[in-house]
Amino acid sequence: MNYLQFFDMSAEVSLIALILIVFLYDLFTEGKERRGFHALTCVLLGLHIVLNVCPGEETVLFGGMYQSYAMTNIMKTILAIGTLLVFLQAKNWLRRDDTRHKEGEFYVLTLCTLLGMNFMMSAGHFLMFFIGLELASIPMACLVAMDKFKHESAEAGAKYIMNAMFSSGLMLYGISFVYGTVGTLYFADVPAAFHGTPMQILALVFFFAGLGFKLSLVPFHLWTADTYQGAPTAVTSYLSVVSKGAAAFTLLVILTKVFGPMVEQWQALLYAVIIITITLGNLMALKQQNLKRFMAFSSISQAGYIMLGVIGGNDLGMTSLVFYVLVYVAANLAAFTVINVIEQKSGKVDMDGYNGLYQTNPKLSFLMTLALFSLAGIPPFAGFFSKFFIFAAAFKAGFYLVVFIALLNTIISLYYYLRIVKAMYITPSDAPIAAFRSDCSTKLSLALCTAGIIALGLVSAIYDGIHLYAFGM
Amino acid sequence: MNILSLFVLIPLLMLLGLWLSRNLNQVRGVMVAGSSLLLLTAIYLTVDYLGIRHAEAAAGVTDAPEMLFTASYMWYAPLHICYSIGVDGISVAMLLLSAIIVFTGTFASWKLKPLTKEYFLWFTLLSLGVFGFFISTDLFTMFMFYEVALIPMYLLIGVWGSGRKEYAAMKLTLMLMGASAFLLIGILGIYYGSGAQTMNVLEIAKLHIPMDMQRIFFPLTFLGFGVLGALFPFHTWSPDGHASAPTAVSMLHAGVLMKLGGYGCFRVAMYLMPEAAQELGWIFLILTTISVVYGAFSAVVQTDLKYINAYSSVSHCGLVLFALLMMTYTSSTGAILQMLSHGLMTALFFALIGMIYGRTHTRDIRQMSGLMKIMPFLSVGYVIAGLANLGLPGLSGFVAEMTIFVGSFQNADTFHRVCTIIACTSIVITAVYILRVVGKILYGKCTDPHHMHLTDATWDERLAVICLIVAVAGMGLAPFWISDMINDSVTPIINNLISASNL
C-alpha cells in the first residue's frame, strides 16, 4: 500500500492536523493563556480554507474507497467557510461563564463533524460513506446538548441522537439491500447492476429516508423544530447550514452517480417530497413565535428548494445547488448571528421581543433585513439569483409544476420573513431591546455574511467558476 | 460609457450619498442633485433619440434598428444572461416620465418625517428598479429590476404610510410578488420554449415559440404583468396601497410602477408570443373592459380622496391594457400615450391630495368644502388635474383617450367593437366623479372653522405642482412629436401580432 496516498486527501489531512492542534492546546493551556484560543482557532481554520481553496482534479484513492471531484472540493471549502462563520458568531456564547470551560470541546466536536462530512461527500464506497455519516452525526448530538443543564438542550440532544440512530438504521438496511442485489458496495461498480427491481427500489427508498432525516425533508422533519429550539444558537446555525449543505450535496452525487440507472424512480420520489417539504415547511413557519423554531421551519422549506437542484440531475442543477448552499450559508448565518447576539445580550428569542429594534439598533436590524430579503429571494441580494438558477435547473428538466408550486410558496415565505421586518421597523414597542455594541468577532461574521449576500449575486464570476466543474447524469 | 447606464449609475451614487450623509440638508442636497441629474439625462436622451431618428428618416434608411443606444455585457454565461440595454420610443417616453415623477416626488416629500434618510434610501432604490426595468432588453435583467422596484414599497408604506398601513403594505407586496411568481415561470417558459441562446427580447422575437408552450405561458406572463397594471380582478392591492402610501410613493407607484405592467405585457407577453395573444387575447380583453368600467363606477361612490383617485387609476390603467389588446397601430400608440398621460396627471393628483391632506388632516370629501378661497393655488391645480383626467382638449388626457378610442374602433371585429363601446362609457363616468369632487370640496362655503386659517402651498410644493402641470399641458398642446416617436416604435410589435393573425 502506498502511504503517500494520504497526502492526496489534503482537505482531510489538514483538518485532522487542525483538530489535533486545537485539542492539544485545549489540554495544555489554562488561565490567561486561553485568551487567544478563539482567535487561534479561527486563524487556523482560515488557513485550512486558504490551503484547500483550489478545486484540484478528480482523485480516486485506496482502490476506489475515496473519490473526490473538483466539485467536492468546492463544497468542502464552502462548508469550512460556514464553520468559520459559526465559530466567529459563537464567541459571545463561548465566553459566558457557564460555557467557558467547554470552549475546546466545542471546537473539536464541530471540526470532527466537519471531517465526517468531508468523508461523507468524498466516499467511493457505501461503508466509507456510512462512517462519514456517523462521524458527522454523533458529535453533533453532543454539540446539541452542549448547554446540558438547560432542560431544552438536553432534550434536543436526546431527540437528535434518537433520530440519527433511527435514520442510520434505516439507511444501513437500505445499503444491505444494495449489497444483496448487486454484490458490491463500490460506487463505481454498483450502477451497472442496477435495473430498478423492487428490491433495489426499496434500497433506494431506505437510503433516501436516511439522508432525508439529515436534510429534514418532510416527512422526516419531526425532530427539527425541537432540536433547533433547544440547541445553543451557534449549534443551531451550524446544523441548519453546514450539516444540511453536506447532506444535500452527498444526496445529489449519490443519486446521479450511483442510482443513475434508476433515475425515473428517484425523480418520482423527489417530486412528491419537494412539494410537501416546501409547502408544509412554509405553512408551519407561518405561526411560529420563537425565532429559532421559526428558522427551523424556514430551513425545512429551504431544504425543499435545495432539492430542486437535485431533481433534474443535470449539470445546471449541480451548479445551482452548490451556489444555493453558498448563498444560504451567507444569508442564514447572517440571520443566526443577529439572533445569537440578541439572545446573548438581551435573552430574547421571541418575535415580539424584536418590536422596535430599528429604533435602538438600526444597523443590526438593517443587516437582519438584508439577510431575510436574501432568504426570501428578493433582488439585488444573492438569494434571488440562487433561487432563479435553481428554478431554471428544474425547469430545464421539464418539472414545470414543481417549479410553479415552489414559486407560489415563495410568496408564503415572503409573508413570514416580512413579519420579522415588520416587527423591527413598524410595530412600536414600550420596551425595545436596549442599544448595545457587538464585539469584534460578531461584527466580522456579519461583515463577511453581508459581503456574501451582496456580492455573490451581482458578481457572476463565482457562479461561472462553479459551473466549470459541474457534471450531470 | 453608454448613456443608458447612467440611469442605473446615478441612483446607485445617490444611494451611496444618502448612506454617507449625516443631516437633513445633506440628504436633501443628494436627492435634489440626483433627481435633477436624472431629469437632465432623460431630456438629453429624448433629444438625442429624436435627432438620430430624424437623421435616419432624412437619409431614407429603411432598415433602421429597432432599438438605439444598445449595449450588452455577458453576465451569467451558463444561462445566457446578459446585462443588455437599449431603448426605443416607448422606453424613452417612459424614462422621461419616470424622471419627471422622481424629480417632483422629491419635492413632494420635502418635509417628510421621521427617518427622512431611510425614506429616501428606499425611495431611490424604488426608482433604481423602475429605471433599470425600462432600459433592459434582457428578460432576466428586466425581471430583476422589476422585483427591485417592488420590495421597497413594503417599508415605504408600512413605516411612513397612513391609515391601515400594515395591512395595505402586506397586501400590496404579497399580491405583486405573487404576480412576479407567474412572471418568472413565464420567463423561463419563453427562454426554454424558444430554444434561444440568449435572453434578449429582440433576439427571441425572431424565433418561434411552439404553440402549445405559448398557450401555457402567454396567460401566465400576461397575468404576471397585468396584476401590476391593475387587471380586474387582481386590482385590489391598488386602492388600499395607494390610499395608505405617503404622497411621493403614491405618485411614483401610480405614476410609474403601474406602467411597468402595461409595458411588460406589450414588450414581453404580446411581442414574444403573438399567436397566443391573438388566440387568447379575448379573455383578457373582457377583464380589462371590466377594469375600465368597474374602476370608474367604484370611484363614483368613494368618499376618500385617495380612494377616488386610486379607483380612477384602475380605470385608466385598465384602458392601457384594453388598448394594447386591440392590437392596431393607433390603439397601441394611444395606450402608450395613456401611460404617459395617466402617469403625469395621477402624480399631480396624488401630490395635491397629499398637500391638502397635510393641511386639513382629513381626506374625507364630506368634511371639506370651499377650499378654493383658502388655498387657491392647490385648488386650481386640482381643477387642472381633474380636467386632464376627464379628457379636456388641450390637456394630456384628451390626446391619449382620443387615440385609444379611434384606434380601438379600427378593429372591425364585432366583439372588439362591442368592448370599445362599453369602455367608452367610462369617459362619462369619469366626468361624474371628477366634477362631483371638485364641486364638493373646492366650491361652496367653507363650513369647518379650522380650515379657515390654513395656508396655501409653499415653494417646494409649488415647484412640484408646476412641473407636473407644465408636463400635462405640454403633452396636451403639442402631442405630435411624442406620438410620432411612439408610433414608430410600436410598429414592429404590431407587425409581429398582425402576421401572427394571418397564419
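Modeller: In what follows, helices (H or I, at least four residues) and strands (E, at least two residues) are DSSP runs, numbered from the N terminus. The structure under discussion is a predicted model.

Colleague: In which loop is the place of A:Pro219?

Modeller: A:Pro219 follows A:Val218 through a cis peptide bond, with omega near 5 degrees. Of the flanking elements in chain A, one is helix H7 (198–215) and the other is helix H8 (224–230). The place of A:Pro219 is therefore the loop between these runs, as helices are DSSP runs, namely the loop between H7 and H8 of chain A.

Colleague: Near what omega is the peptide bond from B:Phe232 to B:Pro233?

Modeller: B:Pro233 is found in the loop between H9 and helix H10 (237–244) of chain B. The peptide bond that leads to it from B:Phe232 is cis, and its omega is near -5 degrees.

Colleague: How many residues of chain A are in contact with chain B?

Modeller: The two chains bury about 3500 Å² between them, and 84% of this is on carbon and sulfur atoms. Chain B contributes 36 residues to the contact, and the number in chain A is 37.

Colleague: Which side chains of chain A and chain B meet in a salt bridge?

Modeller: The count of salt bridges between chain B and chain A is 1. One partner, in helix H7 of chain B, is partly exposed with a relative accessible area of 30%; the other, in helix H16 (residues 400–425) of chain A, is partly exposed at 26%. Since one residue lies in each chain, the pair joins two chains. At 3.5 Å, N to O, the side chains that meet are those of A:Lys422 and B:Glu166.

Colleague: From which element does the largest share of the side of chain B that touches chain A come?

Modeller: Across the interface, 5 residue pairs are in polar contact, both residues being at pLDDT 80 or more. Strand S1 (68–76) and the helices H4 (116–135), H5 (139–150), H6 (152–160), H7 (165–194) and H9 (211–228) of chain B each supply at least two residues of the side that touches chain A. The residues of that side divide into 29 nonpolar, 4 polar and 3 charged. The largest share, 13 residues, comes from H7(B).

Colleague: Why is the pair of rings of A:Trp223 and A:Tyr228 assigned its class, and what is that class?

Modeller: Over all chains, the count comes to 72 aromatic pairs. Both A:Trp223 and A:Tyr228 are buried. Their ring centres are 6.4 Å apart and their planes stand at 65 degrees, so the pair is edge-to-face.

Colleague: How many residues apart in sequence are the parts that B:Phe133 and B:Phe225 tie together?

Modeller: The rings of these two residues have centres 6.2 Å apart and planes at 65 degrees, so they form an edge-to-face pair. B:Phe133 and B:Phe225 are both buried. B:Phe133 belongs to helix H4 of chain B and B:Phe225 to helix H9, so the parts tied together are apart in sequence by 92 residues.

Colleague: Which residues are linked with A:Asp226 in a network of salt bridges?

Modeller: A:Asp226 in helix H8 meets A:Lys159 in a salt bridge of 2.7 Å, N to O. A:Lys159 lies in helix H6 (residues 151–182) of chain A, and the pair links distant parts of the chain, 67 residues apart. The relative accessibility is 24% for A:Asp226 and 28% for A:Lys159, so each counts as partly exposed. The residues linked with A:Asp226 in the network are A:Glu155, A:Lys159 and A:Arg293.

Colleague: Does B:Arg53 count as buried or exposed?

Modeller: B:Arg53 lies in helix H2 (residues 24–59) of chain B, and its side chain makes a polar contact of 3.0 Å with that of B:Glu56. Not counting residues up to four places away in sequence, B:Arg53 touches B:Ala64, B:Pro65, B:Glu66, B:Met67 and B:Leu68. Its relative accessibility is 18%, so B:Arg53 counts as buried.

Colleague: Is B:His361 buried or exposed?

Modeller: B:His361 has a positive phi of about 60 degrees although it is not a glycine. Its place is in the loop between helix H14 (329–360) and helix H15 (371–374) of chain B. With a relative accessible area of 63%, B:His361 is exposed.

Key. Residues numbered from 1 in each chain as written. Chains lettered and ligands numbered in written order. Predicted model: local features only at pLDDT ≥ 70, side-chain atom pairs only at ≥ 80, totals over all residues. Heavy atoms only, no water. Contact = heavy atoms within 4.5 Å. Buried area = accessible area lost by both parts, 1.4 Å probe. Salt bridge = Lys/Arg side-chain N within 4 Å of Asp/Glu carboxyl O. Polar contact = N/O pair within 3.5 Å; in protein donor to acceptor, adjacent residues only side chain to side chain. Nonpolar A, V, L, I, M, F, W, Y, C, P; charged D, E, K, R; others polar. Phe/Tyr/Trp six-rings, centres within 6.5 Å; stacked < 30°, edge-to-face > 60°. Buried < 20%, exposed > 50% of the residue type's maximum accessible area, 1.4 Å probe, protein only.
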